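Trainee: Can we go through this one together? I'd like to know what to look at first.

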Amino acid sequence: MISKFLRGNIALSVLAVLVSFVVGGILIALSDPTVQSSASYFTARPTDLLSAIWNAVFGAYDALFRGSVFNYQAATTTGMFKPITETLAFATPITMAGLGLAVAFRSGLFNIGGTGQIIFGAIFAGWVGINLDLPWILHFPLAVLAGVFGGALFGSIVGLLKATTGANEVIVTIMFNYIAALLLSYFLKTPFLQAPHNINPISKPILASAKYPAFLGPNFRLHAGVFAMLAAVALVWWLLNRSTLGFQFRALGHNPSAARVAGINIGLNYVLVMAVSGALAGLAGTSQILGTEGSLTTGVAASFGFDAITVALLGRNNPFGVLAAGILFGGLRAGAVTMQASQGVPIDIVFIVQSMIVLFIAAPPLVRSIFRIRAKVEAA
Amino acid sequence: MKLSNKTPIILAVVAFLAVLIAAFAPSGTTEIKFQAEGDLLPLPNIDVSVMAVTWFAAILMLLLAAYSWFRRLVQKRSSIAWLSPVFGVLFVLSVLTTLYAGKTMTLTALLQGSLSLAVPLIFGSLAGVLSERVGVVNIAIEGQLLAGAFCSALVASLTHSIWLGLITAGIAGALVALVLAVFAIRYVVDQIIVGVVLNVLVMGITNFLFSTLMGGNLALFNSPPRFDTMPVPLLSQIPVLGPVLFVQTPIVYLMYLAVGVVWFVLFKTRWGLRVRAVGEYPKAADTVGIKVYRTRYMSLMIGGSLAGIGGAFFTLGQVGAFGKEMTNGAGYIALAALIFGRWNPLYAALAALLFGFSENLQFGLAIIGSHVPSEFLLMLPYALTVIAVAGLVGKVTGPAASGKAYIKS
């Protein structure tokens with residue numbers, strides 16, 4: 001029974017995460033000054049080294065836990081529960097964009113352009129959020145729609161290029177990421193988006209009437225975008241598993257030639273897949289600009305474009321898997337802040353652990369060989 | 001082969017743009033300064049009329065576009081390869097003289113800066129050529145550059161030997177390529193995913209070690225010696241091109257050598273033929289007894305070591321210290337150069353030079369106080385690549401098996 005479980009996909013994902021944390025732990029231990037100094041007299045007093053390693057690694061991962069799940073050291077109840085809301089605040093854009101990439105991956109399209117689509121979503125949502133003066137009931141939905149539209153527009157250009165000219169979507173999306181970032185940086189230096197009388201590349205603050213409600217109060221960064229995220233998970237599940245469009249997407253992903261023979265319009269579906277994928281990344285952009293950030297800067301997409309790729313892979317392109325992976329990586333982001341502040345472990349450890357996870361997940365034979373699990377006998 | 005209207009259409013559009021530039025160009029002259037210190041034959045500065053240059057370029061481009069239509073419609077032949085690059089050069093010339101109207105353009109400085117920016121791009125694009133020609137997409141060029149930059153700075157600082165630093169950079173790049181190869185070839189993981197992830201992994205590791213290890217003792221860990229320029233006797237005395245090409249650091253000379261050698265090996269040797277065979281049709285190559293996996297591993301790792309050396313240019317050739325994420329997307333531009341250069345080492349190097357030029361132009365324009373936003377110049381490599389892969393300027397086809405894993409049966 002256990003061996004059967006171990007051979008399953010979920011178990012492999014869990015083991016991959018475990019191995020990556022062990023590797024992260026080794027790096028933390030190696031870079032710790034106490035560990036380094038006690039290593040020099042290892043033969044004389046080996047226990048010193050072992051306890052130093054334990055302190056470094058346990059201290060770091062304890063800080064990670066306190067920063068992302070529950071802070072048992074906090075003085076107030078609010079402080080105790082704040083970490084989990086921080087995790088969700090990070091998880092919201094990551095999951096949204098991850099869903100978008102999952103839709104594309106399931107349809108056989110490698111959309112590496114999460115960053116660019118998030119930026120475009122943020123530009124559109126930001127412009128509406130800054131420049132229109134409307135009551136919340138109109139302004140907020142309009143700003144979100146604008147962001148979703150911006151992402152969808154930027155994504156569908158890629159689909160259109162692929163459909164009409166056969167341009168490889170990986171190359172095009174990578175290039176579009178840079179083009180989007182440069183466009184944003186240009187807009188933030190010109191009156192189109194730059195705040196007047198400001199020399200820094202920053203926009204005016206988003207009007208309160210366009211923002212996601214901060215339903216936990218001003219002390220928390222978590223906003224109502226988290227509900228939009230849950231709705232998006234359900235919607236993507238429905239789209240992929242229950243709708244005709246999703247069926248066409250998946251058929252395209254399985255075998256484009258067969259899909260064409262079956263009467264599916266390949267070109268149109270490329271455009272639609274990329275539009276949906278971009279729309280979800282654009283939604284992630286709205287969560288950033290209308291939720292946590294407050295005004296548009298060049299760093300609006302953060303590293304969420306890459307996070308989204310890893311989340312989609314870790315979640316095996318399944319909407320609920322993406323949600324779980326998004327929350328895990330949201331936790332890593334939130335916890336890393338505390339880890340850096342209290343233990344001096346650089347935030348970059350998150351990137352290392354995260355990319356390790358993807359490498360291990362992508363290569364199940366590697367994880368199997370580490371844990372000496374026999375592979376499923378696959379039918380030839 | 002099916003004839004395409006794309007190239008003549010694009011050429012006509014660009015020629016029309018050139019006419020517009022000529023029509024609206026400011027009157028006046030642009031002074032072109034050739035001189036650099038140490039020239040044997042001091043060249044005088046030349047004043048050229050903006051009107052004359054822009055109209056000359058525009059009319060020539062119109063004629064070429066007309067010729068391209070003539071070939072397409074009357075002779076029913078496909079477009080010729082040299083038309084697009086010539087068009088590009090003419091267009092750049094026209095834009096440059098217009099931008100510099102009434103100002104002085106110091107040609108040597110402009111070219112020197114372009115070459116410096118292009119060096120890591122060229123090394124990176126060679127790495128890309130070597131791996132894509134053998135059938136593995138190399139998105140990890142960025143990671144290979146960064147690993148080379150980091151390791152060269154670290155080792156050169158610790159050993160005080162600049163050459164050991166350079167060798168380590170090559171090894172570091174090859175190691176990143178080895179990881180890519182193992183995952184792509186042995187574990188049959190999607191090559192693009194591995195590439196993207198490796199870039200982030202290398203970024204994370206170098207940032208992490210930069211903060212923990214190097215941050216603790218900058219003098220010990222991050223103060224490598226820097227290469228001095230070594231003028232080549234005689235060649236460095238050539239006017240204009242001499243100081244640009246032959247008053248450089250040894251890494252740059254290594255780059256010239258690498259471009260030539262990679263081209264020669266790929267297209268003129270037996271091993272190169274095998275590499276290309278594996279990249280086009282691994283099954284056929286396997287059938288005739290070529291070891292597909294071994295060829296892929298070797299070609300990838302040689303490419304990786306070149307990219308690593310390119311990374312060392314950032315630390316040992318330019319800055320003299322490692323900085324966080326100092327490659328700053330150069331690997332992706334190298335990827336663009338490789339595609340724009342159609343998987344050919346020579347063309348890829350030329351494309352990298354063009355990208356270096358457009359990147360460098362922002363500094364030249366900032367000096368004369370031009371108002372062209374630098375973002376659009378920086379965007380050029382990416383936009384051109386999109387245009388290239390969309391097949392708008394001739395047909396761009398990569399090696400047939402690039403990106404596909406080969407499973408020996």
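Mentor: Sure, one term to begin with: helices (H or I, at least four residues) and strands (E, at least two) are DSSP runs, numbered from the N terminus. This is a predicted model, where local features need pLDDT of at least 70, side-chain atom pairs count only at pLDDT 80 or more, and totals for chains, interfaces and linings use all residues; side-chain values use heavy atoms, leaving out hydrogens and water. Residues are numbered from 1 along each chain as its sequence is written, while chains are lettered from A and ligands numbered from 1 in the order in which they are written.

Trainee: Ok, so where does Val13(B) sit?

Mentor: Val13(B) is in helix α1 of chain B, which covers residues 6-24.

Trainee: Is Val13(B) buried, exposed or partly exposed?

Mentor: Val13(B) counts as partly exposed, because its relative accessibility is 45%. The cut-offs are under 20% relative accessible area for buried, over 50% for exposed, and partly exposed in between, with a 1.4 Å probe and protein chains only.

Trainee: What does Val13(B) help to make at the surface?

Mentor: A nonpolar patch of about 600 Å², together with Ile9(B), Phe16(B), Leu17(B), Leu20(B) and Phe24(B). Patch residues have over 30% relative accessible area and no salt bridge; nonpolar side chains (Val, Leu, Ile, Met, Phe, Trp, Tyr) are joined within 5 Å, and like charges within 9 Å. The areas come from the Shrake-Rupley method with a 1.4 Å probe, and for residues only the protein chains shown count as cover.

Trainee: Next, α7(B). Where is the kink in that helix?

Mentor: It's centred on Phe210(B), and the kink is about 35°. The bend at a residue is the angle between axes fitted to the seven residues ending there and the seven starting there.

Trainee: And how far apart are the end C-alpha atoms of α7(B)?

Mentor: They're 36 Å apart, which agrees with the 38 Å that the 26 residues (191-216) should span at 1.5 Å a residue. The expected span is 1.5 Å times one less than the number of residues.

Trainee: What caps the N-terminal end of α7(B)?

Mentor: Asp190(B) does, with a side-chain oxygen 2.9 Å from the backbone nitrogen of Ile192(B).

Trainee: How about α6(A), is it mostly covered or uncovered?

Mentor: Mostly covered: of its 18 residues, 14 are buried. Helix α6(A), residues 114-131, reaches 26 Å from first C-alpha to last, close to the expected 26 Å.

Trainee: Now salt bridges. How many does the structure hold?

Mentor: Six over all chains. Each is a side-chain nitrogen of Lys or Arg within 4 Å of a carboxyl oxygen of Asp or Glu. One of them pairs Asp62(A) with Arg66(A), whose closest N and O atoms are 3.2 Å apart.

Trainee: Where do Asp62(A) and Arg66(A) lie?

Mentor: Both are in helix α4 of chain A (residues 46-68), four residues apart, about one turn. An α-helix has 3.6 residues a turn, so residues three or four places apart point the same way. Asp62(A) and Arg66(A) are both buried.

Trainee: Which residue of chain A meets Glu375(B) in a salt bridge?

Mentor: Lys189(A), at 2.9 Å from N to O. Glu375(B) is in helix α16 of chain B (residues 374-389) and Lys189(A) in the loop between α8 (169-187) and β1 of chain A, so the pair joins two chains. Glu375(B) counts as buried at 4% relative accessibility, whereas Lys189(A) is partly exposed at 46%.

Trainee: Different topic: what is the phi of His197(A) near?

Mentor: Near 55°, a positive value in a residue other than glycine. Most residues other than glycine have a negative phi. His197(A) is in the loop between α8 and β1 of chain A, and counts as exposed at 86% relative accessibility. Arg316(A) isn't a glycine either, and has a positive phi of about 50°; Arg316(A) is in the loop between α13 (304-314) and α14 of chain A.

Trainee: Last one: what does the side chain of Ser209(A) reach?

Mentor: The backbone oxygen of Leu134(A), at 3.4 Å. Ser209(A) is in the loop between β1 (202-205) and α9 (225-242) of chain A, and is buried, with a relative accessible area of 18%.

Notes
Polar contact = N/O pair within 3.5 Å; in protein donor to acceptor, adjacent residues only side chain to side chain.
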